[in-house]
Amino acid sequence: MREIEFTIDPSTGVLTMHIRGVRGPACGDIAKVAADLLGEPEHDWNTPEYFLRPHVQPRVQPRRER
Amino acid sequence: MSKYLQFDDIVFKDRRLLLAALADVGYAQVEEGQALPLYGYHGDRRPETAELVVRRRHVGSLSNDIGFTRSPEGYVPILSEYDQHTLRGGRFLTTLRTAYSERVVEEVKRRLHGTTQRQVEGSLIKIRMRF
(Lines give C-alpha, C1' and ligand atoms only; values in the text may rest on other atoms or scores of the structure.)
Protein backbone atom coordinates (compact mmCIF):
# COMPACT_ATOMS: atom_id res chain seq x y z
CA MET A 1 0.00 0.00 0.00
CA ARG A 2 1.37 3.38 -0.98
CA GLU A 3 1.27 5.86 1.87
CA ILE A 4 2.47 9.33 2.77
CA GLU A 5 2.83 10.33 6.38
CA PHE A 6 2.61 14.08 6.87
CA THR A 7 3.74 15.62 10.14
CA ILE A 8 2.87 19.23 10.97
CA ASP A 9 4.50 20.86 13.96
CA PRO A 10 2.08 23.61 15.15
CA SER A 11 4.88 25.24 17.16
CA THR A 12 6.66 26.10 13.89
CA GLY A 13 4.09 25.36 11.17
CA VAL A 14 6.70 23.20 9.40
CA LEU A 15 5.48 20.24 7.36
CA THR A 16 7.50 17.08 6.84
CA MET A 17 6.47 14.15 4.69
CA HIS A 18 7.54 10.53 4.52
CA ILE A 19 6.63 8.53 1.42
CA ARG A 20 6.31 4.77 1.86
CA GLY A 21 5.64 1.91 -0.51
CA VAL A 22 6.80 3.71 -3.63
CA ARG A 23 9.91 2.23 -5.17
CA GLY A 24 12.47 4.05 -7.20
CA PRO A 25 12.26 7.45 -8.84
CA ALA A 26 8.43 7.40 -8.83
CA CYS A 27 8.88 8.54 -5.23
CA GLY A 28 10.53 11.71 -6.53
CA ASP A 29 7.53 12.38 -8.77
CA ILE A 30 5.27 12.37 -5.71
CA ALA A 31 7.65 14.60 -3.76
CA LYS A 32 7.49 17.02 -6.69
CA VAL A 33 3.73 17.41 -6.21
CA ALA A 34 4.40 18.65 -2.68
CA ALA A 35 7.34 20.81 -3.82
CA ASP A 36 5.01 22.55 -6.29
CA LEU A 37 3.02 23.77 -3.29
CA LEU A 38 5.74 24.18 -0.69
CA GLY A 39 8.89 25.05 -2.61
CA GLU A 40 12.06 23.03 -2.58
CA PRO A 41 12.54 21.09 0.67
CA GLU A 42 15.17 22.16 3.17
CA HIS A 43 16.09 18.53 3.76
CA ASP A 44 15.53 15.67 1.36
CA TRP A 45 16.80 12.15 1.79
CA ASN A 46 15.97 8.80 0.26
CA THR A 47 14.99 5.80 2.38
CA PRO A 48 16.34 2.34 1.39
CA GLU A 49 13.01 1.74 -0.39
CA TYR A 50 13.98 4.36 -2.94
CA PHE A 51 16.86 2.21 -4.12
CA LEU A 52 14.68 -0.84 -4.77
CA ARG A 53 13.95 -1.35 -8.43
CA PRO A 54 10.33 -1.58 -9.42
CA HIS A 55 9.41 -5.14 -10.38
CA VAL A 56 8.50 -5.27 -14.04
CA GLN A 57 6.85 -8.39 -15.42
CA PRO A 58 8.32 -9.14 -18.86
CA ARG A 59 5.73 -9.69 -21.53
CA VAL A 60 6.60 -12.15 -24.25
CA GLN A 61 4.21 -12.63 -27.10
CA PRO A 62 4.43 -15.80 -29.20
CA ARG A 63 5.28 -15.23 -32.79
CA ARG A 64 2.47 -15.94 -35.15
CA GLU A 65 3.24 -18.65 -37.65
CA ARG A 66 2.46 -17.72 -41.20
CA MET B 1 4.64 54.02 14.48
CA SER B 2 5.62 50.46 13.90
CA LYS B 3 8.01 49.49 11.14
CA TYR B 4 7.32 46.77 8.63
CA LEU B 5 9.38 43.60 8.54
CA GLN B 6 9.69 41.29 5.58
CA PHE B 7 10.03 37.59 6.45
CA ASP B 8 12.03 36.17 3.56
CA ASP B 9 12.49 32.78 5.19
CA ILE B 10 8.72 32.19 5.23
CA VAL B 11 7.36 31.72 1.72
CA PHE B 12 3.91 30.59 0.66
CA LYS B 13 4.32 29.19 -2.83
CA ASP B 14 0.71 28.79 -3.92
CA ARG B 15 -1.58 31.85 -3.98
CA ARG B 16 -4.82 29.87 -3.85
CA LEU B 17 -3.70 27.82 -0.83
CA LEU B 18 -2.43 30.96 0.89
CA LEU B 19 -5.82 32.64 0.47
CA ALA B 20 -7.52 29.51 1.84
CA ALA B 21 -5.13 29.40 4.81
CA LEU B 22 -5.77 33.09 5.53
CA ALA B 23 -9.51 32.39 5.53
CA ASP B 24 -8.90 29.44 7.89
CA VAL B 25 -7.23 31.75 10.43
CA GLY B 26 -9.97 34.36 10.15
CA TYR B 27 -8.91 36.66 7.31
CA ALA B 28 -11.20 35.86 4.43
CA GLN B 29 -11.20 39.37 2.97
CA VAL B 30 -8.00 39.88 1.04
CA GLU B 31 -7.30 42.57 -1.52
CA GLU B 32 -5.45 41.36 -4.61
CA GLY B 33 -3.57 43.47 -7.14
CA GLN B 34 -0.21 44.73 -8.30
CA ALA B 35 2.00 46.69 -5.88
CA LEU B 36 -0.86 47.61 -3.56
CA PRO B 37 0.12 50.23 -0.96
CA LEU B 38 0.22 49.30 2.71
CA TYR B 39 -1.23 51.61 5.39
CA GLY B 40 -0.33 51.91 9.04
CA TYR B 41 -2.86 52.18 11.86
CA HIS B 42 -2.97 56.00 11.57
CA GLY B 43 -3.92 55.64 7.92
CA ASP B 44 -0.41 56.65 6.91
CA ARG B 45 0.79 55.22 3.63
CA ARG B 46 3.95 53.15 3.95
CA PRO B 47 6.63 52.74 1.29
CA GLU B 48 6.12 48.97 1.19
CA THR B 49 3.77 47.43 -1.36
CA ALA B 50 2.30 43.96 -1.74
CA GLU B 51 0.25 41.82 -4.13
CA LEU B 52 -2.06 40.44 -1.41
CA VAL B 53 -3.23 42.69 1.43
CA VAL B 54 -5.38 42.14 4.49
CA ARG B 55 -6.55 45.64 5.38
CA ARG B 56 -6.11 46.74 8.97
CA ARG B 57 -9.89 47.17 9.46
CA HIS B 58 -10.11 43.36 9.21
CA VAL B 59 -7.18 42.83 11.56
CA GLY B 60 -7.67 45.11 14.58
CA SER B 61 -8.08 48.76 15.51
CA LEU B 62 -4.42 49.14 16.49
CA SER B 63 -3.09 46.97 13.69
CA ASN B 64 -1.50 47.81 10.38
CA ASP B 65 -2.19 46.26 6.98
CA ILE B 66 -0.73 42.79 6.47
CA GLY B 67 0.87 42.25 3.09
CA PHE B 68 2.26 39.41 1.01
CA THR B 69 4.67 40.38 -1.71
CA ARG B 70 5.31 38.10 -4.66
CA SER B 71 8.85 36.80 -5.18
CA PRO B 72 10.15 34.16 -7.59
CA GLU B 73 9.85 31.61 -4.76
CA GLY B 74 6.31 32.55 -3.71
CA TYR B 75 4.50 35.02 -1.46
CA VAL B 76 6.55 36.55 1.34
CA PRO B 77 4.77 38.09 4.35
CA ILE B 78 5.24 41.76 5.25
CA LEU B 79 4.06 42.40 8.76
CA SER B 80 4.52 45.34 11.09
CA GLU B 81 6.71 44.83 14.11
CA TYR B 82 3.70 45.62 16.31
CA ASP B 83 1.51 42.99 14.68
CA GLN B 84 4.28 40.45 14.71
CA HIS B 85 4.32 40.68 18.51
CA THR B 86 0.59 41.05 19.16
CA LEU B 87 -1.42 39.17 16.52
CA ARG B 88 -2.51 35.85 17.98
CA GLY B 89 -0.14 36.38 20.87
CA GLY B 90 2.81 36.76 18.52
CA ARG B 91 2.03 33.49 16.75
CA PHE B 92 0.26 34.80 13.65
CA LEU B 93 2.85 33.60 11.13
CA THR B 94 3.21 30.22 12.82
CA THR B 95 -0.55 29.75 12.87
CA LEU B 96 -0.80 30.77 9.22
CA ARG B 97 2.02 28.43 8.28
CA THR B 98 0.27 25.56 10.07
CA ALA B 99 -3.00 26.33 8.26
CA TYR B 100 -1.10 26.49 4.95
CA SER B 101 0.54 23.12 5.65
CA GLU B 102 -2.88 21.57 6.30
CA ARG B 103 -4.09 23.01 2.99
CA VAL B 104 -1.06 21.51 1.23
CA VAL B 105 -1.96 18.07 2.59
CA GLU B 106 -5.54 18.51 1.32
CA GLU B 107 -4.28 19.51 -2.12
CA VAL B 108 -1.84 16.56 -2.33
CA LYS B 109 -4.72 14.28 -1.32
CA ARG B 110 -6.89 15.74 -4.08
CA ARG B 111 -4.19 15.41 -6.74
CA LEU B 112 -3.27 11.83 -5.83
CA HIS B 113 -6.89 10.76 -5.17
CA GLY B 114 -5.97 9.66 -1.67
CA THR B 115 -7.76 9.07 1.61
CA THR B 116 -6.51 10.49 4.89
CA GLN B 117 -6.58 9.78 8.60
CA ARG B 118 -5.71 12.64 10.92
CA GLN B 119 -4.58 12.35 14.51
CA VAL B 120 -2.75 14.41 17.09
CA GLU B 121 0.29 12.75 18.65
CA GLY B 122 1.63 14.82 21.51
CA SER B 123 2.18 18.27 20.09
CA LEU B 124 2.31 17.07 16.47
CA ILE B 125 -0.41 16.68 13.86
CA LYS B 126 0.01 13.41 11.94
CA ILE B 127 -1.90 12.80 8.75
CA ARG B 128 -1.59 9.45 6.99
CA MET B 129 -2.63 9.39 3.39
CA ARG B 130 -3.16 6.26 1.31
CA PHE B 131 -3.36 6.46 -2.42
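In the predicted model, strand E1 of chain A and strand E7 of chain B, the latter spanning residues 124-130, pair with each other in the antiparallel sense over 6 bridges. Within this pairing, A:Glu5 stands opposite B:Arg128 of E7(B). On the other side of the pairing, E7(B) is joined to E6(B), again in the antiparallel sense, over 7 bridges, and B:Leu124 in E7(B) is the bridge partner of B:Glu121.

These pairings belong to an open sheet of 4 strands, which follow one another in the order E2(A)-E1(A)-E7(B)-E6(B) with antiparallel pairing. The edges of the sheet are taken by E2 of chain A and by strand E6 (115-121) of chain B; each has a single partner strand, so one side of each is left without a neighbour in the sheet. From one strand to the next, the twist averages 20°. Helix H3 of chain B packs on this sheet, where it touches E1 and E2 of chain A as well as E6 and E7 of chain B, and its direction makes about 170° with that of E1(A).

Helix H3 of chain B, residues 92-112, comprises 21 residues and reaches 30 Å from its first C-alpha to its last, which is close to the 30 Å expected at 1.5 Å a residue. Buried residues of H3(B) include B:Phe92, B:Leu96 and B:Arg97, the run from B:Thr98 through B:Ala99, B:Tyr100, B:Ser101, B:Glu102, B:Arg103 and B:Val104 to B:Val105, and also B:Val108. The elements against which the buried residues of H3(B) pack come from both chains, namely E1, strand E2 (14-20) and H1 of chain A, together with helix H1 (15-24), helix H2 (81-86) and E7 of chain B. Just after H3(B), a positive phi of about 55° is found at B:His113.

The contact between the two chains draws 19 residues from chain A and 26 residues from chain B. On the side of chain A that touches chain B, strand E1 (3-9) and helix H1 (26-38) of chain A each supply at least two residues, and the largest share, 7 residues, comes from E1(A). By class, this side of chain A has 10 nonpolar, 5 polar and 4 charged residues.

One residue of strand E1 of chain A is A:Glu3, which counts as partly exposed because it has 14 C-beta neighbours inside 10 Å. Leaving aside neighbours within four places in sequence, A:Glu3 is in contact with A:Arg20 and A:Gly21 in chain A and with B:Arg128, B:Met129 and B:Arg130 in chain B. Although A:Glu3 and A:Arg20 are 17 residues apart in sequence, their C-alpha atoms are 5.2 Å apart in space.

As to confidence, the predictor gives the complex an ipTM of 0.89 and a pTM of 0.86. The mean pLDDT of chain A is 78, with 65% of its residues reaching 70 or more, whereas chain B averages a pLDDT of 94, with 98% of the residues scoring at least 70. Among the elements of chain A, the highest mean pLDDT (94) belongs to E1(A) and the lowest (86) to H1(A). Among the elements of chain B, the highest mean pLDDT (98) is that of H1(B), and the lowest (78) is that of strand E1 of chain B, residues 4-6.

Conventions
Residues are numbered from 1 along each chain as its sequence is written. Chains are lettered from A and ligands numbered from 1 in the order in which they are written. This is a predicted model: local features need pLDDT of at least 70, side-chain atom pairs count only at pLDDT 80 or more; totals for chains, interfaces and linings use all residues. Two residues are in contact if their C-beta atoms, placed from the backbone, lie within 7 Å. Ala, Val, Leu, Ile, Met, Phe, Trp, Tyr, Cys and Pro count as nonpolar, Asp, Glu, Lys and Arg as charged, and the others, Gly among them, as polar. Two strands pair if DSSP finds at least two bridges between them. The expected span of a helix is 1.5 Å times one less than its number of residues. A residue is buried if 20 or more other C-beta atoms lie within 10 Å of its own, exposed if 12 or fewer, and partly exposed in between; C-beta atoms are placed from the backbone. pLDDT is the predictor's confidence in each residue, from 0 to 100. Axes are lines fitted to C-alpha atoms, for helices over the stretch in contact, and angles run from 0 to 180 degrees between N-to-C directions.
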